[in-house]
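Me: I would like to go through this model one feature at a time, with the criteria stated as they come up. Please reason briefly before giving each result.

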Amino acid sequence: MAGSAHATFAGIRRSRPLRTPGGTRPVRTMAPLAAVAAVFTLAQLLLVRPGMGLGWDETVYVSQVSPQAPAAFFSAPRAWGVSLLVAPVASWSTSTALLRIYLALLSGLALYLALRAWRGLFPVRVLALAGALFASLWVTLFYGPQAMPNYWVAVGALAAAGCFLRARADRGALWGLAASGVLMASMRPMDAVWAVLPLLALGLARHHWRALTVLLAGLAAGAAQWVIEAYVGYGGLVHRLSEASAIQGGLGRHLAVVDQLRSLGGRALCRPCTGDVPHPVVTVWWFVLPLLAVLGLVVAVRARRTTATLVPFACAVAAAFPYLFLIGYAAPRFLLPAYALLALPVADALAYLVTAPRRPWRPVVAPLLCLGLAAHLAVQLAVLENTVSNTTEDRRGWSRTAAALHRLGVRPPCLLTGNAAVPVAFYTGCASATTSGHDAGSTEHAITATARRMPVAALVPDGSRPPGYARDWPSEPLDGQRLYYFLPRGGR
């Protein structure tokens, strides 16, 4: 049937290159995909500055394997995928620059493999354009070299969809499908489930039992540690899911579309999400993206190759749905899987606009598209530069606080609590303890008892009262906060 999954798989079989007279197959060059991945890697190293300090969430993930500081509290939504990903470097080195370079190289390789998973389903030029569109977004460049899970869910979802479609014609794709499932589920299990829902539906509808089994096995393997931990430390899977939902503000009916728009100007986390929406120049691409994706789907339907375009489109919608309609805050990284998947139909639509035969508008469209893409790239780079500068300055503030604590005598082994205690503790080399909020894992009594054995500091914003146990401690002002500290007998 035209446009069906069966037609797509048959087309893959027919598209295999014929053998040459010498008995070998001509190699279809993947050089454009490798070039896109290489430029993406280089752009990260040049624009995101390997020396940029670790962010709040990054310190949580890295601290699980790093010798720099004791492991921070690991809340219910988090999974161990990022910690395992950074372990080859972070387990023996405390160099942030080395970790950034490692992640930039790894993210470039992952993008290449994810695009390569679609060979035979789209022309290489379309795949290269899709990769360039995704890689040139400021949010992709910003989070590619960071120890965060969302980029890895994105490339995993992109690779999984391509491998799933190729699994019948190319059994080697089953290995890619399994690896993609493991990658996604080890990073963010619930995001992985949302992203593959259309694949599960297609597998059931078309009786693709082998691909379906491999995908489910990959997801189960990736999520196994998270599920086991739920029963060991959270009282069961349902309780952990409930706790994770509560930390995210309670999953339910929330319209976060405008919140996502507000975050497009470079806000890493929009919670609470107030303030103005960025200038239309910054947000216009966000409205054009779904329109071009729909055009790509229309083009695919008319060309009777619907499945290869419909699958990433549907997976993108599924991946974006909870972050647009089920949570009450926003972060631009949440939609990275949707952007990666939508890049394929968007690139196909752009290629059609430029190459469609015998169309009177072709001479006008090509220069307009080039102009529009150039303007889009300029805006993305401007937002990226501003975001990197602001983020770097914030993290330098944590470094200054750590240096001040060291000067006051708060050195490892030590304990920090209060405002931004989690990242500052990592920079200082201390353990962190929080008595309220999402990372609550200690009590005031436990902190007071710890102060008898090691240096303890409480970070309190100016104008706020310190906790009761710290009111008589010496303090010093620094960067809009006061550092209350206590050194046990024998300390400085």
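Me: Which residue in strand 5 is the bridge partner of Val460?
Reply: The model is predicted, so local features need pLDDT of at least 70 and side-chain atom pairs count only at pLDDT 80 or more, while totals for chains, interfaces and linings use all residues. Residues are numbered from 1 along each chain as its sequence is written, and side-chain values use heavy atoms, with hydrogens and water left out. Strand 3 (residues 456-461) runs antiparallel to strand 5 (residues 481-486) and is joined to it by 6 bridges, where strands are DSSP runs (E) of at least two residues and helices (H or I) of at least four, numbered from the N terminus. Within strand 5, Val460 has as its bridge partner Arg482.

Me: Which residue in the turn of the hairpin formed by strand 4 and strand 5 has a positive phi?
Reply: Strand 4 (residues 475-478) pairs with strand 5 in the antiparallel sense over 4 bridges, two strands being paired if DSSP finds at least two bridges between them. Pro477 also has Arg482 of strand 5 as its bridge partner. The hairpin leaves 2 residues between the strands, and the one in the turn with a positive phi, of about 50°, is Asp479.

Me: Is Arg78, which forms a salt bridge with Asp57, buried or exposed?
Reply: A salt bridge here is a side-chain nitrogen of Lys or Arg within 4 Å of a carboxyl oxygen of Asp or Glu, and the closest N and O atoms of Arg78 and Asp57 are 2.7 Å apart. The pair links distant parts of the chain, 21 residues apart, with Arg78 in the loop between helix 3 (56-63) and helix 4 (81-90) and Asp57 in helix 3. Asp57 is partly exposed at 21% relative accessible area, where buried means under 20%, exposed over 50% and partly exposed in between (1.4 Å probe, protein chains only). Arg78 has a relative accessibility of 10% and therefore counts as buried.

Me: How far apart in sequence are the parts tied together by the salt bridge of Asp170 and Arg119?
Reply: The side chains of Asp170 and Arg119 meet at 3.8 Å, N to O. Asp170 lies in the loop between helix 8 (150-166) and helix 9 (173-187), whereas Arg119 lies in the loop between helix 5 (96-116) and helix 6 (124-135), so the separation in sequence of the parts they tie together is 51 residues.

Me: Which residues does Ala37 touch, not counting residues up to four places away in sequence?
Reply: Ala37 is found in helix 2 (residues 31-47) and is buried, with a relative accessible area of 7%. Its C-alpha atom is separated by 4.8 Å from that of Gly108, although the two residues are 71 residues apart along the chain. With contact taken as heavy atoms within 4.5 Å, and with that sequence exclusion, Ala37 touches Gly108 and Tyr112.

Me: Are helix 14 and helix 16 roughly parallel or roughly perpendicular to each other?
Reply: Axes are lines fitted to C-alpha atoms, for helices over the stretch in contact, and angles run from 0 to 180 degrees between N-to-C directions. The axes of helix 14 (280-302) and helix 16 (residues 336-355) come within 7 Å and cross at roughly 65°. Angles under 35 degrees count as roughly parallel, over 145 as roughly antiparallel, 65 to 115 as roughly perpendicular and the rest as oblique. The two helices are therefore roughly perpendicular.
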